[in-house]
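Student: I would like a close look at one part of this protein, followed outward to whatever it connects with. Could you take a single strand as the starting point and go through its surroundings step by step?

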Amino acid sequence: MTHFSQLAQFGLFDARAPRYTSYPTAPHFSTAVGERDFEGWVRAIKPGSQISLYMHVPFCRRLCWFCACRTQGISSDAPLRAYAKTLLAEIDLLRGILPKGVTLSHLHWGGGTPTLMPAAMIAEVGQAIFSLVPLAKSGAFSVEVDPNEIDAARLRALTDLGMNRASIGVQDFDPEVQAAIGRNQPFYLTRQVADMIRDAGISALNVDILFGLPHQTMARMAGSVMQLISLAPSRVALYGYAHVPWISRRQQMIPAAALPTPQERLRLFELASDLLAGAGYVAVGIDHFALPDDGMARAAKTGQLRRNFQGYTDDTAEVLIGLGASSISRFSGGYAQNASRTADYAAAIQNNRFSVHRGHIFWQDDYLRGAMIEQLMCEFRIDRARIIQRLGYTPAALDGLLQTSFDAFKSVLVLDAEGLKLPPVARPLTRLIAQSLDAYVGTKAQHSAAI
Ligand code: SF4
């Protein structure tokens, strides 16, 4: 049996599954969680501990058709100025309740396009954040940089604040593929911006590329990956394009007939993975690659890799606070999400209230299933001893859950006294195997293709 037919027998090429950047996943959040829960969780942060912070900027100059991010196209800076004012007010609200002596292990600015902010705004918002929570000595400050929306002044403002990692979205360098996804970003421009970032002293560069886009062929994928490798990024995210036009209306512009089949998607992924491995990148989790000396590759090697709303991370802070519209915060008690509509978010903050409108309070076996899914997504195995050590007790349900997953995927998994293991041939099934541990599955939400 070829490995394709082996994977097909588990429905890989027809299935849909979450990406498990949280457990439970965001569609299962409810309005039972509100600002009081959020405030209680923030007040309970241990004084002197390290936390992480994510800031969302939900605006772009143009909206790419493939993108399912919650973002809004703007042609002037007025909405940005109003939004920055709201962010500053949200930071002030946090100042009133955040315990003393807390420092930041990771700060990430994403969106949308955070580099749409003019230099002075970058400086003002950044200084406000660092006056609330200073970056720890070994802290990481990363920003999503759009090559179409950056210049020397904005880059200078970011480096002055201490940005030490930049992330560039590429998707694909082929002009026909770019035209079909509504994004014009020539290779020379990406190269220029990568050079500019390095010249500014930032050597840590992440680049995202997508497989499964319209008109992608093996030859085009190979060409784009080789161009990407020539940029020498320290980390690469190789995401599958999620065609979900019922969620993201912009994707209705994408010619569905030009999309690769699920089998072709897997071939494109395998080709890109092989090229990256050949160039010295270490595979990290289901869709990341890193140079061996990068923090993410080291975290994967030492069992420190974690999963959060940005995908994989080497950040081990237990608390993540989300700033801005639609941002999600994570605490040991649960998740809290800000209002998704920018107007609702701003209205709450202007009334001196946090804008949390939904979330999830961990209960029953959420911790157990969440820890098992995270370890599976990060390490392709579930190690009984480490799960027990992480939870601090021996959960009665642990072996039953291991057995359930094993029974569903018996011919490709190994179950022994240490736990469950996925050999390399089973790795494309990781999200489906994770789904077998998900108690909420099937109750809501349509997910993207499992491959
Ligand atoms: S890909 Fe980036 S620039 Fe394009 S719409 Fe999405 S967030 Fe905006």
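Tutor: What follows starts from strand β8 and then moves on to the core, a second strand, the ligand and some backbone details. Please keep in mind throughout that this is a predicted model.

Strand β8 covers residues 235-240, and 5 of its 6 residues are buried. On one side of the pairing pattern stands strand β7, residues 205-211, which runs parallel to β8 and is joined to it by 6 bridges. Within that pairing, Leu 210 is placed opposite Tyr 239 of β8. To get from β7 to β8 the chain passes through helix α8, residues 218-230, and the resulting β-α-β crossover is right-handed. β8 also pairs with strand β10, residues 288-290, but here the two strands run antiparallel and are joined by 3 bridges. In this second pairing, Val 236 has Phe 289 of β10 as its bridge partner.

The loop that leads from α8 into β8 deserves a pause, since it holds Ala 232. The phi angle of Ala 232 is near 55 degrees, a positive value in a residue that is not glycine. As background, most residues other than glycine have a negative phi. Ala 232 counts as partly exposed because 14 other C-beta atoms lie within 10 Å, whereas β8 itself is mostly covered.

Val 236 carries the account from the strand into the interior. The largest nonpolar core has 125 residues, and Val 236 belongs, with Leu 53 and Met 372, to the three that touch the most other members. Helix α12, residues 366-379, supplies the largest share of this core, namely 7 residues. Met 372, once its neighbours within four places in sequence are set aside, is in contact with Ile 382, Ile 387, Leu 401 and Leu 437.

The loop between β16 and α12 contains Gln 364, another residue other than glycine with a positive phi, in this case near 45 degrees. Gln 364 counts as exposed because it has 9 C-beta neighbours inside 10 Å.

On the other side of that loop, β16, residues 356-361, pairs with strand β15 in the antiparallel sense over 5 bridges. β15 spans residues 334-338, and 5 of its 5 residues are buried. In a regular strand the side chains alternate between the two faces of the sheet. In β15 both faces are covered, with Gly 334, Ala 336 and Asn 338 buried on one side and Tyr 335 and Gln 337 buried on the other. Besides β16, β15 is joined by 3 bridges to strand β14, residues 328-330, and these two strands also run antiparallel. A hairpin of 3 residues makes the connection from β14 to β15. Tyr 335 takes part in both pairings, for it is the bridge partner of Arg 330 and stands opposite His 360 in β16.

A further buried position, this time in a helix, is Ala 300, which lies in α10, residues 295-301. Ala 300 counts as buried because it has 21 C-beta neighbours inside 10 Å, the cut-off for that class being 20 or more. When residues up to four places away in sequence are not counted, Ala 300 touches Val 282, Val 284 and Leu 305. Ser 142 is 158 residues from Ala 300 along the chain, and the C-alpha atoms of the two are separated by 19 Å.

The surroundings of the ligand come next. The residues around the ligand are Cys 60, Leu 63, Cys 64, Cys 67, Cys 69, Thr 71, Gly 111, Gly 112, Thr 113, Asp 146 and Gly 169. By class, this shell divides into 5 nonpolar, 5 polar and 1 charged residue. Two members of the shell, Gly 111 and Gly 112, are linked by a cis peptide bond with omega near 15 degrees. Gly 112 is placed in the loop between β4, residues 103-111, and α4, residues 119-132.

As background once more, most peptide bonds are trans. A cis peptide bond also joins Tyr 23 and Pro 24, with omega at about -5 degrees. Pro 24 belongs to the loop between α1, residues 3-8, and α2, residues 35-43.

To return to the starting point, β8 is a mostly covered strand that pairs in parallel with β7 and in the antiparallel sense with β10, and its residue Val 236 is among those touching the most other members of the largest nonpolar core.

Notes:
Residues numbered from 1 in each chain as written. Predicted model: local features only at pLDDT ≥ 70, side-chain atom pairs only at ≥ 80, totals over all residues. Near = placed C-beta within 6 Å. Nonpolar A, V, L, I, M, F, W, Y, C, P; charged D, E, K, R; others polar. Buried ≥ 20, exposed ≤ 12 C-beta atoms within 10 Å, placed from the backbone. Helix = DSSP H or I, 4+ residues; strand = E, 2+ residues; numbered from the N terminus. Pairing = 2+ DSSP bridges. Right-handed = clockwise from strand over helix to strand, strands pointing away. Core = buried A, V, L, I, M, F, W, Y, C linked by C-beta atoms within 7 Å. Contact = placed C-beta atoms within 7 Å.
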